[in-house]
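Take a moment to look over the chain and turn it around on your screen. What can we learn by following a few helices and side chains through it?

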Amino acid sequence: MLRVSTCARVIRSTGSSGPAKCSVFPMVRNDHARDCGRVAPAGRTPKSQSRGMATSADSLVAFGQQHVTRGLGRLTEAIMAKGEGSYVSFEDGRRMLDFSCGIGVTNLGHCHPKVSKAAADQCVNIVHVQCSISFHGPYLRLIEKLLPIMPDPSLDSFFFWNSGSEAIEASLKMARQITGRQNIITMQGGYHGRTFGAMAVTKSKTVYSEGFFPLMPGVFAIPFPYWHQLGLPSNTSEEELVRLSLYQLDLVLKQQTAPRDTAAIIVEPVLGEGGYVPAPASFLKGLRAVCDKHGILLIVDEVQSGFGRTGKYFNIEYSGVRPDIMTIAKGLANGFPLSGVVSRKELTDKLMPGSMGGTYAGNPVSCAAAVAVANAFREEKVLDNVSARSRELLTSLKSLRDDTEVGSMIVDIRGQGLMIAVEFTSPSYSPTDPVLISSAPKNLASRVAKRCMEKGLLILTTSLYEVIRFIPPLNISQDDLQKGCQIFAESVKEVVREG
């Protein structure tokens with residue numbers, strides 16, 4: 001006879017003696033069996049046992065390497081077990097300060113108590129409401145919370161989905177149906193996701209699309225106003241970068257996709273996978289002017305830069321530019337899978353009912369978590385903390401650049417809020433790249449990131465270039481930020497000395 005525990009996961013054999021065993025990992029230690037909550041019924045040998053599955057941290061990693069699809073890459077071959085605030089812990093005993101936030105997702109730190117409680121409370125009410133069947137409360141309450149913080153009051157129509165890539169897919173569908181046009185103009189260096197349409201407008205690295213052609217047709221790219229993209233020195237003026245990028249846009253509209261065939265221009269206000277490069281306000285205003293002139297929709301991708309990451313709720317606020325469609329995700333629900341597409345009702349009223357949707361779109365638990373995120377931002381004055389910590393971070397990085405030992409290796413420090421990048425020089429850039437230095441140490445960014453991990457700081461690289469990105473929690477303490485900056489500086493100096 002089997003007894004099922006109240007958590008609906010633990011299955012124990014009544015009347016049996018001896019320690020509980022995990023039905024999935026039968027050789028695991030007792031404390032894991034308690035945590036796992038999956039215990040073998042009496043007299044049954046789990047299939048995993050017959051396959052000889054081991055359960056130490058090392059053997060579980062080996063199991064994952066064997067059975068998790070190779071198409072997923074990982075920074076570390078380890079098992080992350082717990083997150084708390086600005087720290088994460090691994091099964092092998094390591095505890096690390098997290099300057100990655102799951103790539104800009106856990107903006108309020110791991111397992112923020114108000115967010116976790118809101119999700120747990122929702123779990124005992126209703127977990128799944130299919131958006132094509134009815135409304136649900138958390139969905140509508142979330143819209144109520146988001147309306148006042150939209151970067152433009154015209155943004156008043158919402159559709160929630162699961163991932164940033166799905167939000168991009170929806171925005172492309174909307175642009176095509178609303179305008180009756182097909183073509184999309186995107187940016188060199190832009191990243192929008194790995195699903196099929198999103199992959200087609202992603203131009204940051206070929207790894208995302210290599211081997212998957214033909215991609216979605218009707219996509220054209222122009223250079224983002226970033227000196228690398230234009231082959232210019234790093235000290236080129238913003239005015240010149242913008243002028244050249246907008247000139248290329250003009251040529252694309254005259255040579256490759258006529259305005260009457262162009263549905264949308266899609267842009268990240270801060271390049272993410274392209275190197276953490278903020279778009280100049282004059283460039284975004286130039287895009288807006290071109291869109292207004294030709295009836296083209298402007299899609300602003302705030303998946304990574306939104307929800308306080310750059311010091312305002314949305315980065316586009318710095319320019320004052322109005323998006324026609326805006327995509328959101330990542331920090332929206334602090335780790336619960338949720339994304340959104342926001343537009344104005346006069347546009348979305350042109351969509352056919354049923355053209356948008358999804359089985360799990362706008363899940364109640366995720367929406368409840370997102371409502372708690374919005375409340376926490378206001379109650380805990382998160383944006384004030386971003387402003388203070390950003391100043392401290394930039395001061396620390398600029399001090400490192402002034403260091404005579406390593407300063408010559410730092411090409412650029414850029415970003416806004418707590419979305420900051422440090423770019424190093426490289427001997428491996430294209431021979432025509434203006435910052436190629438043949439005597440520089442190889443692979444500085446990845447080596448520095450690895451050294452930081454060895455010292456207890458989880459930090460990520462980004463882009464084709466030698467760039468490390470700083471995306472710590474937005475509510476990080478002054479002490480933890482200082483600790484991370486110290487580890488980073490030590491790591492840079494050590495790697496540069498090694499050559």
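The report below starts with the whole chain, moves to its core and helices, and ends with some unusual backbone spots.

**The whole chain**

Keep in mind that this is a predicted model. The protein chain contains 16 helices and 19 strands. Of its 499 residues, 54% are buried. How much of the contact count comes from residues 24 or more positions apart? Among contacts with a separation of 6 or more, such residues account for 69%.

**The nonpolar core**

In soluble globular proteins, nonpolar side chains tend to be buried together. Here, the largest nonpolar core has 132 residues, and Leu 146, Phe 424, Phe 470 and Phe 488 touch the most other members. Helix 13 (residues 364-379) gives this core its largest share, nine residues. A second, separate core has five residues, including Val 88, Phe 90, Met 96 and Leu 458.

Phe 470 is a good residue to click on. Not counting residues up to four places away in sequence, Phe 470 touches Phe 99, Tyr 276, Leu 393, Leu 397, Leu 418, Met 419, Ile 420, Val 422, Ile 459 and Phe 488.

**From Phe 470 to helix 14 and helix 16**

One of those partners, Leu 393, lies in helix 14. Is Leu 393 buried or exposed? Its relative accessible area is 0%, so Leu 393 is buried. Leu 393 and Phe 470 are 77 residues apart along the chain, yet their C-alpha atoms are separated by 9.0 Å. Leaving aside neighbours within four places in sequence, the contacts of Leu 393 are Leu 418, Ile 420, Phe 470, Leu 481 and Cys 485.

Helix 14 (residues 382-401) and helix 16 (residues 478-498) have axes that come within 10 Å and cross at roughly 20 degrees. Angles under 35 degrees count as roughly parallel, and therefore these two helices are roughly parallel to each other. The crossing of helix 14 with helix 16 is right-handed. On the helix 14 side, the contact is made by Arg 389, Glu 392, Leu 393, Ser 396, Leu 397 and Leu 400. They meet Gln 478, Leu 481, Cys 485, Phe 488, Ala 489, Val 492 and Lys 493 in helix 16. Sorted by class, this contact has eight nonpolar, two polar and three charged residues.

**Helix 5 and helix 13**

Now find helix 5 (residues 113-123), whose axis comes within 8 Å of that of helix 13 and crosses it at roughly 150 degrees. That angle makes helix 5 roughly antiparallel to helix 13. The crossing of these two helices is also described as right-handed. Helix 5 brings Lys 114, Val 115, Ala 118, Ala 119, Gln 122 and Cys 123 to the contact, while helix 13 brings Pro 364, Val 365, Ala 368, Ala 369, Ala 372, Val 373 and Glu 379. These residues divide into 10 nonpolar, one polar and two charged.

**Helix 15 and helix 11**

In helix 15 (residues 444-454), the buried residues are Leu 444, Ala 445, Val 448, Ala 449, Arg 451, Cys 452 and Met 453. What do the buried residues of helix 15 pack against? Their partners are strand 5 (95-98), strand 16 (419-424), strand 17 (457-458), strand 18 (460-462), strand 19 (467-470) and helix 16. Just after helix 15, Gly 456 has a positive phi of about 100 degrees.

Helix 11 (residues 281-294) holds Leu 287, which is buried with a relative accessible area of 0%. Leu 287 and Leu 249 are 38 residues apart in sequence, and their C-alpha atoms are 8.7 Å apart in space. Beyond its neighbours within four places in sequence, Leu 287 is in contact with Met 187, Leu 246, Leu 249, Ile 265, Val 267 and Leu 298.

**Unusual backbone spots**

Most residues other than glycine have a negative phi, and most peptide bonds are trans. Two residues other than glycine with a positive phi are listed here.

| Residue | Phi | Place | Relative accessibility |
|---|---|---|---|
| Ile 103 | near 60 degrees | helix 4 (residues 101-104) | 33%, partly exposed |
| Lys 381 | near 50 degrees | loop between helix 13 and helix 14 | 52%, exposed |

Finally, look at the bond between Phe 213 and Pro 214: this peptide bond is cis, with omega about 0 degrees. Pro 214 sits in the loop between helix 8 (196-200) and strand 8 (219-223).

Definitions and conventions:
Residues are numbered from 1 along each chain as its sequence is written. This is a predicted model: local features need pLDDT of at least 70, side-chain atom pairs count only at pLDDT 80 or more; totals for chains, interfaces and linings use all residues. Side-chain values use heavy atoms; hydrogens and water are left out. Axes are lines fitted to C-alpha atoms, for helices over the stretch in contact, and angles run from 0 to 180 degrees between N-to-C directions. Helices (H or I, at least four residues) and strands (E, at least two) are DSSP runs, numbered from the N terminus. Angles under 35 degrees count as roughly parallel, over 145 as roughly antiparallel, 65 to 115 as roughly perpendicular and the rest as oblique. A crossing is left-handed if the near helix is turned anticlockwise from the far one by less than a right angle, and right-handed if clockwise. Contact means heavy atoms within 4.5 Å. Ala, Val, Leu, Ile, Met, Phe, Trp, Tyr, Cys and Pro count as nonpolar, Asp, Glu, Lys and Arg as charged, and the others, Gly among them, as polar. Buried means under 20% relative accessible area, exposed over 50%, partly exposed in between (1.4 Å probe, protein chains only). A nonpolar core is a set of buried Ala, Val, Leu, Ile, Met, Phe, Trp, Tyr and Cys residues joined through side-chain atoms within 4.5 Å.
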